[in-house]
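Please look over the model below. The report covers its sheet, one buried helix face and one pocket.

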Amino acid sequence: TAMGWDISGEKDVIKKITREDFVSYMSGLYSASNMTVVVAGGIDPKKSLEMVKKYFGGMNVFSTNKAFPVSEDQKSSQVLLRQRKTEQAHIALGVRTVPLESADRYPLSLLSAILGGGMSSRLFHEIREKRGLAYYVRTSSDHYSDCGSLITTAGVDPKRIDEAIKVIIEEYHNISKIKDQRSKITKEEMQRAKELIKGHFVLELEDSRSVASFYGNQELLEKQIYNPDEIIEKMQRLELEDVERVADKYLSRYLNLAVIGNFEDGQRFEKLLK
(Lines give C-alpha, C1' and ligand atoms only; values in the text may rest on other atoms or scores of the structure.)
Protein backbone atom coordinates (compact mmCIF):
# COMPACT_ATOMS: atom_id res chain seq x y z
CA THR A 1 0.00 0.00 0.00
CA ALA A 2 1.11 3.58 -0.62
CA MET A 3 1.81 5.73 2.42
CA GLY A 4 -1.28 7.53 3.60
CA TRP A 5 -3.71 4.96 2.19
CA ASP A 6 -6.10 3.23 4.58
CA ILE A 7 -4.90 -0.38 4.46
CA SER A 8 -8.22 -1.79 5.68
CA GLY A 9 -10.18 0.00 2.96
CA GLU A 10 -13.57 1.66 2.82
CA LYS A 11 -16.68 -0.26 3.90
CA ASP A 12 -18.36 -0.24 0.47
CA VAL A 13 -15.14 -1.39 -1.23
CA ILE A 14 -14.64 -4.30 1.20
CA LYS A 15 -18.20 -5.55 0.53
CA LYS A 16 -17.52 -5.72 -3.21
CA ILE A 17 -14.28 -7.74 -3.00
CA THR A 18 -14.42 -11.05 -4.89
CA ARG A 19 -12.24 -14.16 -5.02
CA GLU A 20 -10.75 -12.85 -8.27
CA ASP A 21 -9.59 -9.72 -6.45
CA PHE A 22 -7.63 -11.85 -3.96
CA VAL A 23 -6.12 -14.00 -6.72
CA SER A 24 -5.08 -10.91 -8.66
CA TYR A 25 -3.53 -9.40 -5.53
CA MET A 26 -1.57 -12.57 -4.78
CA SER A 27 -0.36 -12.92 -8.37
CA GLY A 28 0.88 -9.34 -8.36
CA LEU A 29 2.96 -9.52 -5.18
CA TYR A 30 3.57 -13.03 -3.85
CA SER A 31 6.62 -14.00 -5.89
CA ALA A 32 9.31 -16.20 -4.30
CA SER A 33 11.77 -13.41 -5.11
CA ASN A 34 9.66 -10.96 -3.12
CA MET A 35 9.33 -13.00 0.08
CA THR A 36 11.39 -13.86 3.13
CA VAL A 37 10.58 -16.73 5.49
CA VAL A 38 11.75 -16.11 9.05
CA VAL A 39 11.66 -18.77 11.76
CA ALA A 40 12.36 -17.91 15.41
CA GLY A 41 12.08 -19.73 18.73
CA GLY A 42 13.12 -23.12 20.09
CA ILE A 43 13.56 -24.71 16.68
CA ASP A 44 15.67 -27.31 14.92
CA PRO A 45 17.40 -25.28 12.16
CA LYS A 46 17.90 -28.25 9.82
CA LYS A 47 14.32 -29.45 10.13
CA SER A 48 12.99 -25.89 9.77
CA LEU A 49 14.96 -25.38 6.56
CA GLU A 50 13.61 -28.66 5.16
CA MET A 51 10.05 -27.54 5.93
CA VAL A 52 10.59 -24.14 4.32
CA LYS A 53 11.91 -25.83 1.16
CA LYS A 54 8.99 -28.28 1.17
CA TYR A 55 6.23 -25.68 1.51
CA PHE A 56 7.75 -22.67 -0.25
CA GLY A 57 10.28 -24.23 -2.64
CA GLY A 58 7.80 -24.70 -5.43
CA MET A 59 6.69 -21.06 -5.61
CA ASN A 60 7.01 -19.19 -8.88
CA VAL A 61 9.37 -16.29 -9.48
CA PHE A 62 7.94 -13.33 -11.40
CA SER A 63 8.12 -9.54 -11.60
CA THR A 64 5.99 -7.98 -8.88
CA ASN A 65 4.01 -4.78 -8.65
CA LYS A 66 6.00 -1.95 -7.12
CA ALA A 67 4.84 0.53 -4.49
CA PHE A 68 4.30 4.10 -5.55
CA PRO A 69 7.32 6.15 -4.45
CA VAL A 70 6.64 8.72 -1.74
CA SER A 71 7.18 12.27 -2.94
CA GLU A 72 7.27 14.97 -0.26
CA ASP A 73 7.06 18.65 -1.07
CA GLN A 74 5.23 20.18 1.85
CA LYS A 75 4.82 23.94 1.65
CA SER A 76 2.51 24.58 4.62
CA SER A 77 1.13 22.99 7.76
CA GLN A 78 -1.81 20.61 7.24
CA VAL A 79 -4.90 19.74 9.30
CA LEU A 80 -7.15 16.70 8.86
CA LEU A 81 -10.42 16.70 10.83
CA ARG A 82 -12.73 13.71 11.20
CA GLN A 83 -15.98 14.76 12.88
CA ARG A 84 -17.22 12.19 15.36
CA LYS A 85 -19.16 12.42 18.61
CA THR A 86 -16.75 11.16 21.26
CA GLU A 87 -16.26 11.90 24.95
CA GLN A 88 -12.63 12.81 24.37
CA ALA A 89 -10.96 14.24 21.31
CA HIS A 90 -7.99 12.38 19.85
CA ILE A 91 -5.15 14.29 18.25
CA ALA A 92 -1.96 13.39 16.42
CA LEU A 93 0.51 16.23 15.91
CA GLY A 94 3.91 15.85 14.32
CA VAL A 95 6.45 16.37 11.57
CA ARG A 96 7.85 14.43 8.63
CA THR A 97 11.32 13.03 9.28
CA VAL A 98 13.49 10.37 7.59
CA PRO A 99 13.34 6.82 6.16
CA LEU A 100 14.81 3.68 7.75
CA GLU A 101 18.24 3.98 6.16
CA SER A 102 18.94 7.38 7.73
CA ALA A 103 21.33 7.47 10.68
CA ASP A 104 19.08 10.14 12.21
CA ARG A 105 16.51 7.48 13.17
CA TYR A 106 18.45 6.65 16.35
CA PRO A 107 18.69 10.17 17.81
CA LEU A 108 15.08 10.73 16.71
CA SER A 109 14.06 7.74 18.84
CA LEU A 110 15.75 9.32 21.84
CA LEU A 111 14.13 12.67 21.08
CA SER A 112 10.67 11.09 20.96
CA ALA A 113 11.31 9.31 24.28
CA ILE A 114 12.39 12.58 25.93
CA LEU A 115 9.31 14.34 24.59
CA GLY A 116 6.65 11.71 25.26
CA GLY A 117 8.13 8.33 26.13
CA GLY A 118 6.66 7.65 29.54
CA MET A 119 5.71 9.19 32.85
CA SER A 120 9.00 11.08 33.20
CA SER A 121 8.77 12.66 29.71
CA ARG A 122 8.30 16.38 29.12
CA LEU A 123 4.86 16.13 27.52
CA PHE A 124 3.49 13.76 30.17
CA HIS A 125 4.55 16.25 32.82
CA GLU A 126 3.29 19.37 31.01
CA ILE A 127 0.10 17.98 29.46
CA ARG A 128 -1.18 15.50 32.04
CA GLU A 129 0.43 16.07 35.41
CA LYS A 130 0.74 19.86 35.40
CA ARG A 131 -2.41 20.83 33.49
CA GLY A 132 -4.65 17.74 33.42
CA LEU A 133 -5.33 18.25 29.71
CA ALA A 134 -5.07 14.65 28.48
CA TYR A 135 -6.06 11.14 29.41
CA TYR A 136 -2.99 9.85 27.58
CA VAL A 137 -0.10 11.49 25.75
CA ARG A 138 2.82 9.81 23.99
CA THR A 139 5.34 10.52 21.25
CA SER A 140 6.72 8.00 18.76
CA SER A 141 9.29 8.05 15.96
CA ASP A 142 8.38 5.81 13.01
CA HIS A 143 10.36 4.99 9.88
CA TYR A 144 9.50 3.31 6.60
CA SER A 145 11.53 2.46 3.50
CA ASP A 146 11.15 5.93 1.99
CA CYS A 147 9.74 8.26 4.67
CA GLY A 148 9.29 8.76 8.39
CA SER A 149 7.54 10.80 11.06
CA LEU A 150 7.72 11.94 14.66
CA ILE A 151 4.21 12.19 16.11
CA THR A 152 2.64 13.02 19.46
CA THR A 153 -0.77 11.48 20.10
CA ALA A 154 -3.12 12.43 22.92
CA GLY A 155 -6.68 11.94 24.11
CA VAL A 156 -7.85 15.30 25.41
CA ASP A 157 -10.83 17.08 26.90
CA PRO A 158 -12.66 18.57 23.85
CA LYS A 159 -13.20 21.83 25.74
CA ARG A 160 -9.43 22.24 26.25
CA ILE A 161 -8.13 20.86 22.96
CA ASP A 162 -6.74 24.22 21.82
CA GLU A 163 -4.68 24.53 24.98
CA ALA A 164 -3.36 20.97 24.61
CA ILE A 165 -2.24 21.62 21.02
CA LYS A 166 -0.56 24.88 22.07
CA VAL A 167 1.38 23.16 24.86
CA ILE A 168 2.63 20.38 22.54
CA ILE A 169 3.77 22.95 19.98
CA GLU A 170 5.44 24.98 22.72
CA GLU A 171 7.35 21.90 23.92
CA TYR A 172 8.41 21.15 20.33
CA HIS A 173 9.73 24.69 19.98
CA ASN A 174 11.38 24.73 23.39
CA ILE A 175 13.31 21.51 22.88
CA SER A 176 14.42 22.54 19.38
CA LYS A 177 15.89 25.85 20.57
CA ILE A 178 19.17 24.29 21.62
CA LYS A 179 20.72 27.62 22.61
CA ASP A 180 18.02 28.25 25.22
CA GLN A 181 19.56 26.93 28.44
CA ARG A 182 16.19 26.72 30.20
CA SER A 183 14.86 24.04 27.85
CA LYS A 184 18.17 22.37 27.04
CA ILE A 185 18.12 18.56 27.09
CA THR A 186 19.88 17.33 30.22
CA LYS A 187 22.18 14.34 30.67
CA GLU A 188 19.61 12.89 33.06
CA GLU A 189 16.89 13.08 30.38
CA MET A 190 19.22 11.42 27.89
CA GLN A 191 20.02 8.56 30.26
CA ARG A 192 16.36 8.01 31.17
CA ALA A 193 15.42 7.93 27.48
CA LYS A 194 18.18 5.42 26.69
CA GLU A 195 17.11 3.14 29.53
CA LEU A 196 13.44 3.40 28.50
CA ILE A 197 14.16 2.43 24.90
CA LYS A 198 16.53 -0.34 25.91
CA GLY A 199 14.05 -1.75 28.42
CA HIS A 200 11.13 -1.82 25.97
CA PHE A 201 13.35 -3.29 23.24
CA VAL A 202 14.69 -6.12 25.40
CA LEU A 203 11.25 -6.99 26.81
CA GLU A 204 9.70 -7.06 23.35
CA LEU A 205 12.32 -9.49 22.06
CA GLU A 206 11.37 -12.05 24.73
CA ASP A 207 8.51 -12.98 22.40
CA SER A 208 9.49 -15.25 19.46
CA ARG A 209 7.07 -13.54 17.08
CA SER A 210 8.74 -10.19 17.81
CA VAL A 211 12.18 -11.73 17.20
CA ALA A 212 11.00 -13.02 13.81
CA SER A 213 9.55 -9.61 12.97
CA PHE A 214 12.73 -7.84 14.13
CA TYR A 215 15.00 -9.82 11.80
CA GLY A 216 12.43 -10.11 9.01
CA ASN A 217 11.96 -6.36 8.75
CA GLN A 218 15.71 -5.85 8.52
CA GLU A 219 16.10 -8.56 5.87
CA LEU A 220 13.28 -7.11 3.77
CA LEU A 221 13.77 -3.38 4.22
CA GLU A 222 17.36 -2.64 5.22
CA LYS A 223 20.79 -3.07 3.69
CA GLN A 224 22.34 -4.68 6.75
CA ILE A 225 21.12 -6.84 9.62
CA TYR A 226 22.12 -5.86 13.17
CA ASN A 227 21.60 -7.98 16.25
CA PRO A 228 19.91 -6.44 19.32
CA ASP A 229 23.21 -5.79 21.14
CA GLU A 230 24.53 -3.80 18.17
CA ILE A 231 21.42 -1.63 18.05
CA ILE A 232 21.55 -1.01 21.82
CA GLU A 233 25.21 -0.04 21.41
CA LYS A 234 24.30 2.44 18.64
CA MET A 235 21.79 4.04 21.02
CA GLN A 236 24.18 4.11 23.98
CA ARG A 237 26.86 5.92 21.92
CA LEU A 238 24.59 8.87 21.14
CA GLU A 239 25.54 12.20 22.71
CA LEU A 240 23.50 15.24 23.71
CA GLU A 241 24.64 17.01 20.55
CA ASP A 242 23.12 14.29 18.35
CA VAL A 243 19.65 14.70 19.86
CA GLU A 244 19.88 18.50 19.91
CA ARG A 245 20.79 18.46 16.22
CA VAL A 246 17.76 16.38 15.14
CA ALA A 247 15.46 18.39 17.42
CA ASP A 248 16.60 21.59 15.75
CA LYS A 249 16.45 20.07 12.27
CA TYR A 250 13.07 18.32 12.29
CA LEU A 251 10.88 20.06 14.88
CA SER A 252 11.21 23.31 12.95
CA ARG A 253 9.47 21.72 9.93
CA TYR A 254 5.83 22.22 8.94
CA LEU A 255 3.50 20.72 11.54
CA ASN A 256 0.75 18.27 10.62
CA LEU A 257 -2.32 17.70 12.78
CA ALA A 258 -5.06 15.06 12.68
CA VAL A 259 -8.12 15.46 14.93
CA ILE A 260 -11.01 13.11 15.70
CA GLY A 261 -13.79 14.80 17.63
CA ASN A 262 -17.08 16.65 17.48
CA PHE A 263 -15.78 19.80 15.79
CA GLU A 264 -17.36 21.40 12.74
CA ASP A 265 -14.45 23.45 11.44
CA GLY A 266 -10.73 22.68 11.18
CA GLN A 267 -9.73 26.32 10.60
CA ARG A 268 -9.43 26.97 14.35
CA PHE A 269 -6.71 24.31 14.43
CA GLU A 270 -4.94 25.63 11.33
CA LYS A 271 -4.50 28.96 13.10
CA LEU A 272 -2.81 27.23 16.04
CA LEU A 273 -0.22 25.60 13.77
CA LYS A 274 0.90 28.96 12.43
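Two strands pair if DSSP finds at least two bridges between them. Helices (H or I, at least four residues) and strands (E, at least two) are DSSP runs, numbered from the N terminus. This model is predicted: local features need pLDDT of at least 70, side-chain atom pairs count only at pLDDT 80 or more, and totals for chains, interfaces and linings use all residues. Residues are numbered from 1 along each chain as its sequence is written, and side-chain values use heavy atoms, without hydrogens and water.

**Sheet.** Five strands form an open sheet in the order S1-S5-S2-S4-S3, with mixed pairing. S1 (78-83) and S3 are the edge strands; each has a single partner strand, so one side of each lacks a neighbour in the sheet. Strand S2 (residues 89-96) pairs with S4 in the antiparallel sense over eight bridges. In S4, Gly155 stands opposite His90.

**Helix H5.** H5 spans residues 122-129, and its buried residues (under 20% relative accessible area, 1.4 Å probe, protein chains only) are Arg122, Leu123, Phe124, Glu126 and Ile127. Their cover includes H4, S3, S4, H6 and H7.

**Pocket lining.** These elements each give two or more residues to the lining of the second largest pocket. A pocket is an open set of points on a 1 Å grid over the protein atoms alone, where a 1.4 Å probe fits, with protein on both sides within 12 Å along at least five of seven lines; lining residues have an atom within 4 Å of a point.

| Element | Residues |
|---|---|
| Helix H4 | residues 105-116 |
| Strand S3 | residues 134-143 |
| Helix H7 | residues 187-204 |
| Helix H8 | residues 208-221 |
| Helix H9 | residues 228-236 |

H7 gives the most, with seven residues.

Terms used. Buried means under 20% relative accessible area, exposed over 50%, partly exposed in between (1.4 Å probe, protein chains only). Contact means heavy atoms within 4.5 Å.
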